[in-house]
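Before the coordinates are used any further, here are some notes on how they may be read. Please go through the points with the model open beside you.

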Amino acid sequence: MPFTADAPSSAARMVGRDDELARLQAAFARASAGEPSAVVVAGEAGIGKSRLLREFAASVAGQADIATSRCLDLGGTPVAYGAILGLLRDLVAQRGADRVMQAAGPGRAALQLLMPELGDSPEATRPDTSPERLREAFVTAVESLADTRPLVLMIEDLHWADGGTLTLLSFLLRVVTRGRLLVVLAWRSDESGRNDPVRLVLGEAERAHLIERITLERLDAASVHALVSALATIDDEDILHGLAQRAEGIPFFVEELSRCATATLPDTLRDLLLARYEQLSEDAAAVVRVAAASDSPLEHETLTALSGLDGPRLNDGIREAMRTGILVVDEDRYTFRHALLREAVHDELLPGERAALHRAFAEHLQGLADADPRRDLHAALAHHWQLAHDRRRALVAATAAMWSAKARYAFSTAARFGRLVLELWDQVDDAEDAAGIDRITLMLRIGSILRNAGDSERALTVVDGALTEAGTTEIDPALQVRLLRDKAMYLVNLGRPGAAELLAEALDIMDGRVHDDKLSAIVLCQYAGRQMVAGHIADAIDAASRAWDCAVRAGVEEQMSVARNLRGTSRAHRGDLDGAFADYAAAREHARTPAALLRYQVNYSDMLAMLGRYREAVTVAEEGSAQARGMGIERTSGSLMIQNTVEALLELGEIDRVDALLARDLELRTFPVFRMYTTTSRVRALAWHGGHARAAALLREQRAALDAAAMSERQVWYYALQARLAIAQAADDPRAALEVVHEMLDDTAPQTAHRVRILLEAGAIIAALRARSDEVPDTVERVRAAWSDIPEMLRPAAWTQILDALLAPTADTLEAAVACADGDDVPATFRVVVRLEQARALVAAGRRTDAAAAVAAASQHADDLQHEPLRREVAAFAAASGLAPAATDADASTALGELTPRERQVLDLIAEGLSNGQIAKRLFISVKTASVHVSAILRKLGVTSRTEAAVLAAPWSRAPRDGSPTPPGSPPAAGPPRAPAEDGSRVRPSHATAGGSS
């Protein structure tokens with residue numbers, strides 16, 4: 001059993017941190033009320049972060065379960081998921097393994113990769129897991145455990161966090177939506193550069209309002225004096241003043257200096273930290289030196305084995321080190337009271353002394369690993385062997401640590417060990433034998449690891465290096481093919497051109513030289529995909545057919561499924577819908593694995609949306625989301641299904657659902673090309689709400705990346721055009737929108753079926769221009785010709801009728817178009833567009849009564865869709881044509897008096913710029929009920945848009961809650977109302993009001 005003793009005396013109470021402690025307790029109160037919260041306590045070394053966390057934990061200990069962990073300092077290669085593993089062990093200790101596994105949901109097996117003791121070995125569970133499942137399982141477990149009782153997760157020393165821990169924490173902060181959870185992180189902020197991964201992760205989280213930062217500043221003079229008084233009795237004012245000056249407000253230095261205040265103060269910080277170490281007896285110093293070489297708290301048995309001291313001498317040495325405040329007990333293990341002390345002692349060791357000590361550690365750890373192979377000690381072994389200057393053993397251990405981290409999906413950590421292996425390679429004579437892999441294959445694997453870590457840029461650099469080395473030696477053609485294949489993949493992930501050419505080169509190398517049908521199927525599928533997205537449809541169909549043949553010969557059903565769904569989409573672009581749906585039926589049949597099925601659902605729902613079969617697309621995408629949920633990857637890979645759902649829902653006009661889905665982070669996947677699609681969806685949603693300025697700014701931010709991706713992906717190009725059209729229309733600039741249409745008509749690159757939707761939109765743009773007496777006959781003819789050139793199966797009959805009516809409006813064609821516009825397979829905005837155009841035609845024909853009915857119907861549909869640009873357009877026409885008489889102040893006063901108290905509440909929130917979904921959340925009602933209230937308000941006020949309602953009701957919008965309007969000219973009761981911002985931005989409720997009653 002370890003020796004235990006009281007820690008040295010410290011301050012009776014924490015000094016100078018009352019405000020910071022109160023902020024932590026306030027965050028805990030929010031979390032306890034059901035609002036998941038996160039806080040990072042930041043500050044320089046010795047500033048008191050750990051003390052603050054201990055005080056906070058003690059203050060809420062009886063009200064919550066508290067799981068604590070820390071990141072470990074292993075130089076440049078930290079333990080994979082080190083801090084997460086510590087949290088899991090704490091949770092298991094408090095709640096039990098069965099409860100934690102049950103809480104983890106469908107991805108629970110993935111947790112065994114981190115904690116084998118939870119079940120079978122990692123090797124047995126890996127086929128059923130994935131990086132997404134690991135993240136999803138941990139977050140799901142935390143959410144579920146926080147449902148039953150408040151849960152606090154605390155991680156110290158975040159500055160030493162490995163990539164896996166950072167990725168998982170970032171995911172946790174972004175997606176956790178329920179549970180009484182508080183995450184508290186402690187970060188040494190003075191030791192990280194601008195590009196430090198921890199700083200970047202925390203910066204992104206702060207910008208997204210996902211985490212609150214509490215920065216610990218240095219203590220003021222009064223607090224320093226109070227702390228000194230609590231630690232020692234010093235009557236000499238000169239000594240007290242000198243101590244305060246030397247400590248510079250850092251609590252740890254105050255404590256250190258107070259211990260030698262009656263002696264001569266050390267000249268330097270290093271001297272200060274080593275002052276008590278240098279006064280230790282030889283036995284106590286030996287104990288401290290052993291502890292300094294360890295990356296984590298030491299067990300008694302380890303100290304016994306490495307110190308060379310017998311029982312009584314060891315205990316006496318430990319007792320002395322603790323009595324002087326250098327070591328403390330941490331859960332039956334020994335550790336330094338502060339990391340700065342450990343660093344100082346370790347740096348004080350002589351080079352030979354340091355190398356010998358690390359060699360002893362490595363030999364001891366190797367013995368433990370040999371005795372229990374389940375213990376993953378490779379990372380620590382690599383660290384200690386490297387510092388012991390045994391480069392071969394360091395290479396062996398680093399290679400094993402790389403594979404171990406990869407097996408646990410800690411790709412960032414695996415990549416760092418991979419780089420260490422490459423650094424050591426030239427220093428070891430038989431590096432290939434030691435590592436068990438040749439250098440070029442190693443680089444291939446490291447590139448793949450980096451790509452999976454989300455760093456496709458570095459992956460590209462590594463594979464380029466491998467290809468350069470391959471060019472100077474004879475290598476297996478299959479290995480060269482894999483290098484070219486991987487480089488193509490990284491270019492695609494980065495949204496850059498050149499992938500198709502690399503894959504073509506790989507296929508040329510394979511021809512007659514590589515007889516591997518599985519590899520051929522994989523490369524051909526990738527090549528078919530690149531040709532398809534580039535618009536080279538014939539080449540895509542040919543490659544997909546060849547891929548199918550290779551996959552059949554190899555018996556690889558996953559590639560059989562991929563080949564058929566790629567060929568299916570390619571055939572759809574040509575208008576061969578019978579062939580397309582037959583291919584997708586086969587793709588579904590061969591999607592035997594969950595991953596293959598998910599890929600089928602992603603591509604199939606995308607194709608259905610491209611064909612205008614929006615309701616079917618939503619159904620398939622939602623099935624895919626359910627599939628992802630069952631796999632435990634709903635919030636990671638499943639976010640692709642959310643993006644597809646968003647695109648179809650936008651066309652269906654279900655903007656509340658779109659807003660709800662876009663409120664979730666669809667950019668968790670790190671590949672830039674994926675952000676191109678989510679960006680265009682966000683732009684269109686912002687424009688829908690009238691926020692053309694914000695939409696334009698967002699598009700400008702991503703324009704360079706969009707343009708680069710569009711060079712090789714035609715779908716990105718078309719999506720970018722749709723986003724620009726939405727911005728121009730929201731800005732009431734049909735001429736700018738027409739220029740976008742001309743850009744598409746003038747384009748000579750290969751065409752895909754995505755142009756159909758833009759040609760239909762061209763009809764609405766031409767109608768808007770005609771309403772301004774801006775006739776564009778040449779464009780009309782060009783649009784007609786382009787429409788006629790599209791394969792007939794890609795021109796839905798309803799779309800054709802609508803486009804014909806908008807290009808050449810007559811009473812009969814517009815009446816038929818109105819009937820067509822109400823179907824699910826027609827973009828919902830055309831319910832408004834064709835009715836507005838019908839009203840214009842009726843006014844021109846002198847049929848004002850019919851025109852008024854058409855305007856009213858257009859206005860109602862625009863309101864139902866909550867489409868601000870269309871609301872404005874309908875309202876402007878109604879006012880200009882005299883079909884909607886302007887309301888007087890008296891009319892408005894009367895109408896406002898007819899509103900119910902609940903409707904007055906809703907009107908106030910409309911004036912704040914809230915959407916129906918946000919109103920529903922604020923008032924604890926359903927979105928449907930909110931929509932009913934909004935429609936009733938617009939009807940009673942006699943207006944056609946939410947903006948008009950806000951403006952019309954401005955003088956009364958802060959009237960008393962009894963429903964009686966404030967007389968015109970009276971000042972508002974609580975300040976002027978906030979009408980919706982010009983850019984459509986919404987007001988984010990503060991913690992004090994979010995979820996509260998209005």
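1. A pair of strands is a convenient place to begin: β2 and strand β3 (residues 151–156) pair in the parallel sense over six bridges, where pairing requires that DSSP finds at least two bridges between two strands, and where helices (H or I, at least four residues) and strands (E, at least two) are DSSP runs numbered from the N terminus. Within this pairing, Ile66 stands opposite Val152 in β3.

2. This is a predicted model, in which local features need pLDDT of at least 70 and side-chain atom pairs count only at pLDDT 80 or more, while totals for chains, interfaces and linings use all residues. Residues are numbered from 1 along each chain as its sequence is written, and side-chain values use heavy atoms, with hydrogens and water left out.

3. The two strands belong to an open sheet of five strands, ordered β2-β3-β4-β1-β5 with parallel pairing. Its edge strands, each pairing on one side only, are β2 (65–70) and β5 (212–215). Neighbouring strands of the sheet are turned against each other by 15 degrees on average, direction ignored. Helix α8 (residues 163–175) lies across β1 (37–43), β3 and β4 (181–188), and runs at about 140 degrees to β4; axes here are lines fitted to C-alpha atoms, for helices over the stretch in contact, and angles run from 0 to 180 degrees between N-to-C directions.

4. Helix α31 (residues 594–610) and helix α33 (residues 639–652) pack at an angle of about 15 degrees, their axes 10 Å apart, which makes α31 roughly parallel to α33 (a term for angles under 35 degrees). The contact (heavy atoms within 4.5 Å) is made by Leu598, Gln601, Val602, Ser605 and Asp606 of α31 together with Leu640, Met641 and Asn644 of α33.

5. A second helix pair consists of α20 (residues 391–407) and α23 (residues 439–452), whose axes come within 12 Å and cross at roughly 35 degrees. On the α20 side, Met402, Trp403 and Lys406 meet Leu442, Arg445, Ile446 and Ile449 in α23.

6. As for confidence, the mean pLDDT (the predictor's confidence in each residue, from 0 to 100) of the chain is 84, and 86% of its residues reach 70 or more. Over residues 957–998, however, pLDDT stays under 50, although the model has 78 contacts beyond four places in sequence for them. Residues 121–125 also stay under 50, with eight such contacts. Where pLDDT is low, the predicted coordinates should not be read in detail.

Definitions and conventions
Angles under 35 degrees count as roughly parallel, over 145 as roughly antiparallel, 65 to 115 as roughly perpendicular and the rest as oblique.
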